[in-house]
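Student: Could we go through this structure together? I would like to begin with how the chains are arranged.

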Number of protein chains: 2
Amino acid sequence: MYVALKGNALIGQSGGPTIVINASMVGAIEAAERHPEIEHFYGALCGLTGVLNEEMIELFREDDDVIRQMRYTPSAGLGTCRLKPKESDLERCMEVFKAHNIRYFFYNGGNDSQLTCHLISELAKGSDWEMQVIGIPKTIDNDLVITDNCPGFGSAARYAAWAVQCAARDAMAFGNVEVVEVMGRHAGWLTGATQCGRKEPWMAPHLVYLPEVTVDPDKFISDCQNAYDEHGYLVVAVSEGFTFGESEQATTSEKLDEFGHARLGGVAEALGHLIEESIGVRARTDCLGNLQRAFSPCMSKVDNDEAYAVGEDAVNRAVAGENDVMITIKRKQNDPFEFETATTSLMSVADKTKLVPDEWINADRNGVTDEFIEYCLPLLNTPVSDLPAGLPQYPVFQKHFAERKLGEHARE
Amino acid sequence: MYVALKGNALIGQSGGPTIVINASMVGAIEAAERHPEIEHFYGALCGLTGVLNEEMIELFREDDDVIRQMRYTPSAGLGTCRLKPKESDLERCMEVFKAHNIRYFFYNGGNDSQLTCHLISELAKGSDWEMQVIGIPKTIDNDLVITDNCPGFGSAARYAAWAVQCAARDAMAFGNVEVVEVMGRHAGWLTGATQCGRKEPWMAPHLVYLPEVTVDPDKFISDCQNAYDEHGYLVVAVSEGFTFGESEQATTSEKLDEFGHARLGGVAEALGHLIEESIGVRARTDCLGNLQRAFSPCMSKVDNDEAYAVGEDAVNRAVAGENDVMITIKRKQNDPFEFETATTSLMSVADKTKLVPDEWINADRNGVTDEFIEYCLPLLNTPVSDLPAGLPQYPVFQKHFAERKLGEHARE
C-alpha cells in the first residue's frame, strides 16, 4: 500500500489571472486540511517569484471567513507573475523545497506554467528529493489541450457574451456599427463564445472573427454591409489576434511581454475605421480588456465549480502519489452539465495550444457552428448566486510569512 | 376643476442610452393605461427623427410580457438620436402632433433634449394647438441641474465602481498600475462614483481625476509614485474629459458629433504611458466604454425605481395639466434611501450642466470627499434582483406602426 509523503505543501498562481483562479486555491486548501500528511500549506506570493525569494505565507493560518470569501474573489489572491524560469531558477526552487520540506508542489496556470511544473518534476526525480508536482489548469483562453475546457474560461466567456448583448443594444438604438474586441492571441474560444448570446438571427454578434481564420478584406466589408443592411445595425466580435492574413495586425505597442509575445490591441479600432469608411455608418468600438479576467458579477457557477474541483483534486491525487500530471476536466453530460476530473501528463499539455477546430468554424469564416455553441453554452450559462448585494469588498490575506531559510537569490 | 385633454400621447427617447431609460418608458406606458383620456400612446422611433418622419408605433398594442421585460432591458428600446432640431423641424413636429391628435408629448433625455422640449412647448403655446409637453430626465453623466440625481446615473455608476474594483484585483495581483477611463466630458460624477468602492485606504481607486480639476503633471506623477509605493499597486480612475489644463487633451479622433462636441477618448492610454515612463512600472489601461450605458447585470434598483417613477409621474402630471416642466428627483432620506418626484421649468435645466461642486473634490484634487460618497452610495448600492439567470434575451417591440398622415419631411 502506498504511504503518502509527510511534509509541507506549496501552491502558486501563475500568468494572467481569471475570475475563478482563487476557487482552485480554496479547493486545494480545503482538501489539504483533510490530509494530516500535510503539515503546513504555503502560498507562494506572485507565483514562482515567491518561491525563488522565499516569500511564502501560511495558508492554514488564514481566517476561515477569508478563505470562504476568496472562492468568489476574482484575480490571483496570492499575486501572480509571468516569470519564465532559467535553469538556475529551477535549481533554486529545489533548494527552497528542501529547506522548507516541501513534498507537494501545485502550480496553477496555462501551458507555460505546465512546462515549468514538468521541469521541476524532472529535476526532483533526478535528485534525492522525493516530491509530487501537479499542475492545475487555468486560462481564460481555453487553449490547453486534452482537458475538455479550462477553468477561467466559462466566467470570462459569460462576461464577454453578456457584454456583447449589452453593447449590441446600444448599437441597435442608434442604428450604428459596434466592434467588440475580445482577448485571444491565437485561439478564438472566447470570441466564439460571444455567439452563445445570439438566440435569434437579428441578435448580436452578427459577425465573429477568430485568430484561426484569415479573411479577405473585401469579403469582410461585404459581409459587414450585408449584415448591416439586413438588421439595421451591426455588431462584430473580433479576437485581438485576428488579422487579414497578408500582414501582421498592427499592435498598439512595440513592447513585448516577458515571453516575447507582442502586446496586442487595437484591432477593433482598425476594423471600426475600415467599416466606417466602407459602409458609411458610424462605428463604435469597445475593448473588453482586463475585465475579462476579473469581472466577478459575471462569474459562471460551472466555471467556479470546475476551478474548485481541479484544486481539490490536485491535492487529493498528490497525496495519493500521483506526480508530473495536470488535472483535466472530462465532460460527462451536457444538459444538465456534469463533469469529472482526470489527469494527463504535464508534457502532453506543456507549451501546446488548442485552437478552435476548423469544423467548428462556419463555412463563411465569420462565425462558429452549432457544435461550438453546444460545447460552450453550459460552461457560461449559469450564474453564481452568492455574489455580494452591495459593492464588493474583496478580502486580502493576512499573510503570516514562513521564516526564510536561505540567502537571497540573484536571477541570472 | 381642470378637465384633462383628450387625445393621443407620444414619447421619444433621446441622446445616449442608459441602462434604465426603458424603465421610464414602461413607467409612462403603465401610467397612461390608467388614464382613459389617452386613447393611443405612440412611441417615436429614434427620438425626434421618428416624429419628423412619422415613424411611430402603438405602445398599447405591444405584448404585456414585452413591456414588463423592457423595464429591465438596457438601452433605448425605441431607438434614439442626437438630432438638434432646426426651426423648420420644430414646425414639422407641430404638424405631426396635429395630424395625429397628439395632446401629450414626453421626451426622455439630457439637457439638449430638455431644450428641445421647451422649444416645442413654446411653439404649441403660440399656436392654436393645446398640448402638454413634459421632459423626463435621463443621463449617465448626472449633470442635469436642480434634480437631486439623474436616472441612468446610478446603474452606470454601479458598473463603473464594480469594474474598478475588479480591474484593481488584476493590478494588485501583478503589482502593476491600472488606469480606468470613465465617461464624462465636463462633469466627473461617474468617475467620482468609482471611489464608492474604496472602503479601506489600500483599496482602489487610489487616485481619481475629474474634468472639473486641472492638475500639474509633476504633482500627478508624484501622487502616482507615492500611492504606488504605499500600496504596491496603483489604480487611477480618470474622466475622459480630464486634461492637465495647459492644453487640450489629445482626442482619439478629429471627428465631431452632431452637437459639435469632439469625440473623446484616449486619456487613460496617455496617462498610462506617462506613468509607465515616470515610475517605471507597467501600466495597463481599460476604457469602460459603451457598457457604462448598457451593462444591465449591474443595474441599480434605486436607479431603476427612479427611472420608472419619473416616466410614470410625467404622464400623471401631464394629464393633470402640467406643462413645460421636467420631472425631478427629490431626496427625502439617505438610509434607507427614499425619494419623491417634483418638477422644474424646462428652461431652468435646458442646456445647463451641473458640475461636481468644488467642495466635494478633495484638497489634493485627486479624489472626492466623504460628502460626495454619502450622496452617491445609495444610488448605486442595491442590485436589481430579477435579472435573467442565463444569458439575456432582451425583447424587441413588435412595432405596430401608426398610419402616416403627411408627406415626407426634408430636413434643411
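Student: What turn and what shift lay chain A on chain B?

Tutor: This is a predicted model, in which local features need pLDDT of at least 70 and side-chain atom pairs count only at pLDDT 80 or more, while totals for chains, interfaces and linings use all residues. Residues are numbered from 1 along each chain as its sequence is written, and chains are lettered from A and ligands numbered from 1 in the order in which they are written. A turn of 180° with a shift of 0.0 Å along the axis lays chain A on chain B, with an RMSD of 0.0 Å. The two copies are thus related as by a two-fold rotation axis. Superposition is by least squares on the C-alpha atoms of residues with pLDDT of at least 70 in both copies.

Student: How many residues of each chain are in contact?

Tutor: The contact involves 42 residues of chain A and 41 residues of chain B; two residues are in contact if their C-beta atoms, placed from the backbone, lie within 7 Å. On the chain A side, α6 (153-174) and β9 (283-287) each supply at least two residues, and α6(A) gives the most, with 11 residues. Helices (H or I, at least four residues) and strands (E, at least two) are DSSP runs, numbered from the N terminus.

Student: Why do the copies meet through the same surface?

Tutor: They do so because 98% of the interface residues of chain A are also interface residues in chain B.

Student: Which residues touch the most other members of the largest nonpolar core?

Tutor: They are A160(A), A160(B) and A163(B), in a core of 262 residues. A nonpolar core is a set of buried Ala, Val, Leu, Ile, Met, Phe, Trp, Tyr and Cys residues joined through C-beta atoms within 7 Å. A residue is buried if 20 or more other C-beta atoms lie within 10 Å of its own, exposed if 12 or fewer, and partly exposed in between, with C-beta atoms placed from the backbone. Not counting residues up to four places away in sequence, A160(A) touches V182(A), L190(A), A193(A), T194(A), L288(A) and Q292(A).

Student: Changing topic, what domains does chain A have?

Tutor: The assignment gives domain 1 (7-138 + 298-351) and domain 2 (153-297); such bounds come from an automatic or database domain assignment. Taken over C-alpha atoms, the centres of domain 1 and domain 2 of chain A are separated by 33 Å. Their contact takes 17 residues from domain 1 of chain A and 15 residues from domain 2 of chain A.

Student: And α10(A), is that mostly covered or exposed?

Tutor: Mostly covered: 16 of the 19 residues of α10(A) are buried. This helix (residues 301-319) reaches 27 Å from its first C-alpha to its last, close to the 27 Å expected at 1.5 Å a residue; the expected span is 1.5 Å times one less than the number of residues. Just after α10(A), G321(A) takes a positive phi of about 105°.

Student: Where is V179(B) found?

Tutor: V179(B) is found in strand β6 (residues 177-182) of chain B. This residue is buried, with 30 other C-beta atoms within 10 Å. Leaving aside neighbours within four places in sequence, V179(B) has contacts that include V236(B), V238(B) and A268(B). V179(B) and R282(B) are 103 residues apart in sequence and 11 Å apart in space, C-alpha to C-alpha.
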